[in-house]
Amino acid sequence: MKLPFLDLKAANQGHQKAIQDAIKRVVDSGWFVLGNELAMFESEFATYCNAKHCVGVGNGLDAIILILKAMEIGPGDEVIVPANTFIATWLAVQQCGAVPVPVEPVASTYNIDPTRIEASISDQTKAIIAVHLYGQPADMQAINVVAKKNGLKVIEDAAQAHGALYRGQRVGSLADAAAFSFYPGKNLGAMGDGGAVVTNDSGIAEKLVKLRNYGSNAKYQHDVAGVNSRLDEIQAAVLRVKLRYLDDHNRQRNELAEIYKSTLADNPLITLPDVAGDLLPVWHLFVIRLSNREKLQQILSEKGIETSIHYPVPAHLSGAFRAQYKHTKMPLTEKLSGEVLSLPLFPNALSCYRAEIEKMLSLISSYKNI
Ligand SMILES: *Cc1c(COP(=O)(O)O)cnc(C)c1O
């Protein structure tokens with residue numbers, strides 16, 4: 001049998017019936033946007049993140065954009081972003097009219113290096129977006145210290161890290177506001193697009209409730225220039241079911257990650273991801289590093305084992321940004337983008353694909369760079 005990089009059918013195994021019942025409940029209710037399911041999910045997810053407020057929105061990109069708008073960040077402003085991230089983090093800043101200013105990562109954790117942030121701060125800088133990349137929390141304490149010293153807001157991009165713990169505290173409650181994505185492949189995934197903003201700041205939450213709904217929280221009363229970006233009732237009902245399984249799914253991801261780490265530690269050609277002290281990552285992705293990764297990828301692919309690359313082109317070199325950033329050099333990010341390789345990892349992978357996973361591990365363990 002083949003080993004897919006991600007099998008969402010396997011991941012949702014065991015609660016299809018509960019999901020179908022939730023969808024039916026919405027269909028039977030005849031109410032599809034801004035209703036009870038959303039209100040319940042918002043309350044349940046805020047509680048899960050140990051935060052005061054959750055506001056559902058259309059997707060993770062909009063969650064970041066609307067946080068920036070609520071903070072009144074726009075043209076003339078700069079926002080610090082990780083050089084090493086999914087392009088959405090940068091696009092959100094650009095779509096507000098502000099300029100993303102990239103900062104290099106720590107090589108061993110792939111997350112933004114707090115010691116390099118200060119050198120990139122200017123008079124125009126308004127905020128820092130910290131991404132919990134691949135499911136590992138960024139070093140929030142160090143980031144918050146730099147932000148406080150320089151009067152900056154801090155936003156968590158938690159799209160890859162639902163449930164991760166930073167020094168015992170859930171991501172989503174570690175800064176001024178946090179953006180989540182519920183894209184189907186994320187740790188907490190809907191059956192379509194979805195996103196949310198989580199915050200302890202009542203002012204931001206109130207603004208978000210309007211911004212996502214044409215600038216209105218009372219019919220035909222439009223206080224600000226908002227957008228249409230709402231988490232619909234069917235997605236909210238599905239997410240309420242899936243939230244109940246999130247901890248178990250994350251535990252399964254962790255179990256597989258531990259197997260990967262212990263089995264692959266012996267191959268000197270492979271660099272394993274490092275977890276900084278006192279963190280509990282949720283392994284959205286398991287990313288190894290090696291030179292000549294295309295060769296390993298091909299060996300695995302010939303045996304029906306799918307791998308992936310996150311991300312092959314850094315944002316500043318992508319077509320969307322390279323004209324503006326032609327003088328920007330991010331040597332570490334550029335090097336990582338040429339070496340990273342993501343291994344299959346998803347809930348129920350071990351119960352559905354144990355033999356294939358063992359085959360993959362023995363192929364990687366014996367891989368020689370010749
Ligand atoms: C997925 C993702 C987003 C965007 O989420 P969408 O729901 O796809 O818009 C933003 N940031 C990061 C780091 C992501 O992985």
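**Figure 1. Cysteine 49 sits in a buried position.** Cysteine 49 is buried, and its relative accessible area is 1%. These legends all describe a predicted model. How many disulfides does the model have? The count comes to 0 disulfides. Cysteine 49 takes part in no disulfide, and the nearest cysteine sulfur, from cysteine 54, is 7.1 Å away. Cysteine 96 is also worth a look: its relative accessibility is 10%, so it counts as buried. The closest cysteine sulfur to that of cysteine 96 belongs to cysteine 54, and at 19 Å it is too far for a bond.

**Figure 2. The ligand and the residues around it.** Here we meet the shell of the ligand, made up of Asn59, Gly60, Leu61, Phe86, Ala88, Val131, Asp157, Ala159, Gln160, Ser181, Lys186 and Gly194. Sorted by class, this shell holds 5 nonpolar, 5 polar and 2 charged residues. Which polar atoms approach the ligand's oxygen atoms? In the side chain of serine 181, an N or O atom is 2.6 Å from a ligand oxygen. For glutamine 160, an N or O atom of the side chain is 2.8 Å from an oxygen atom of the ligand. Leucine 61 takes part through its backbone, where a polar atom is 2.9 Å from a ligand oxygen. Taken alone, the ligand exposes 380 Å², and the protein buries 91% of that.

**Figure 3. Helix H4, from its start to the residue that follows.** Helix H4 spans residues 60–70. Is this helix mostly covered or mostly uncovered? It is mostly covered, with 9 of its 11 residues buried. The buried residues of H4 are Gly60, Asp62, Ala63, Ile64, Ile65, Leu66, Ile67, Leu68 and Ala70. At the start of the helix, asparagine 59 brings a side-chain oxygen to within 3.1 Å of the backbone nitrogen of leucine 61. Asparagine 59 and leucine 61 are both among the residues around the ligand, so keep Figure 2 in mind here. After H4 comes glutamate 72, which has a positive phi, near 60 degrees.

**Figure 4. The largest nonpolar core.** In soluble globular proteins, nonpolar side chains tend to be buried together. The largest nonpolar core of this model has 43 residues, and those touching the most other members are Phe41, Phe45, Met140, Ile143, Phe180 and Phe182. Which elements each supply at least two residues of this core? They are helices H3 (36–48), H6 (140–150) and H8 (233–264), together with strands E3 (99–103), E4 (125–131), E8 (177–181) and E9 (195–199). H3 gives the largest share, 5 residues.

**Figure 5. Threonine 85 in its loop.** Where is threonine 85 placed? It belongs to the loop between strand E2 (78–82) and helix H5 (88–95). Its relative accessibility is 6%, so threonine 85 counts as buried. The side chains of threonine 85 and threonine 89 make a polar contact at 2.9 Å.

**Figure 6. Alanine 10 in helix H1.** Our last close-up shows alanine 10, a residue of helix H1 (residues 8–11). Is alanine 10 buried or exposed? With a relative accessible area of 4%, alanine 10 is buried, because buried means under 20%. Alanine 10 and histidine 162 are 152 residues apart along the chain, and 19 Å separates their C-alpha atoms.

How values were computed: Residues are numbered from 1 along each chain as its sequence is written. This is a predicted model: local features need pLDDT of at least 70, side-chain atom pairs count only at pLDDT 80 or more; totals for chains, interfaces and linings use all residues. Side-chain values use heavy atoms; hydrogens and water are left out. A residue is near a molecule or strand if one of its heavy atoms lies within 4 Å of it. A polar contact is a pair of N or O atoms within 3.5 Å; within protein, one must be able to donate a hydrogen and the other to accept it, and residues adjacent in sequence count only if both atoms are side-chain atoms. Accessible areas come from the Shrake-Rupley method with a 1.4 Å probe; for residues, only the protein chains shown count as cover. Ala, Val, Leu, Ile, Met, Phe, Trp, Tyr, Cys and Pro count as nonpolar, Asp, Glu, Lys and Arg as charged, and the others, Gly among them, as polar. A disulfide is a pair of cysteine sulfur atoms within 2.5 Å. Buried means under 20% relative accessible area, exposed over 50%, partly exposed in between (1.4 Å probe, protein chains only). A nonpolar core is a set of buried Ala, Val, Leu, Ile, Met, Phe, Trp, Tyr and Cys residues joined through side-chain atoms within 4.5 Å. Helices (H or I, at least four residues) and strands (E, at least two) are DSSP runs, numbered from the N terminus.
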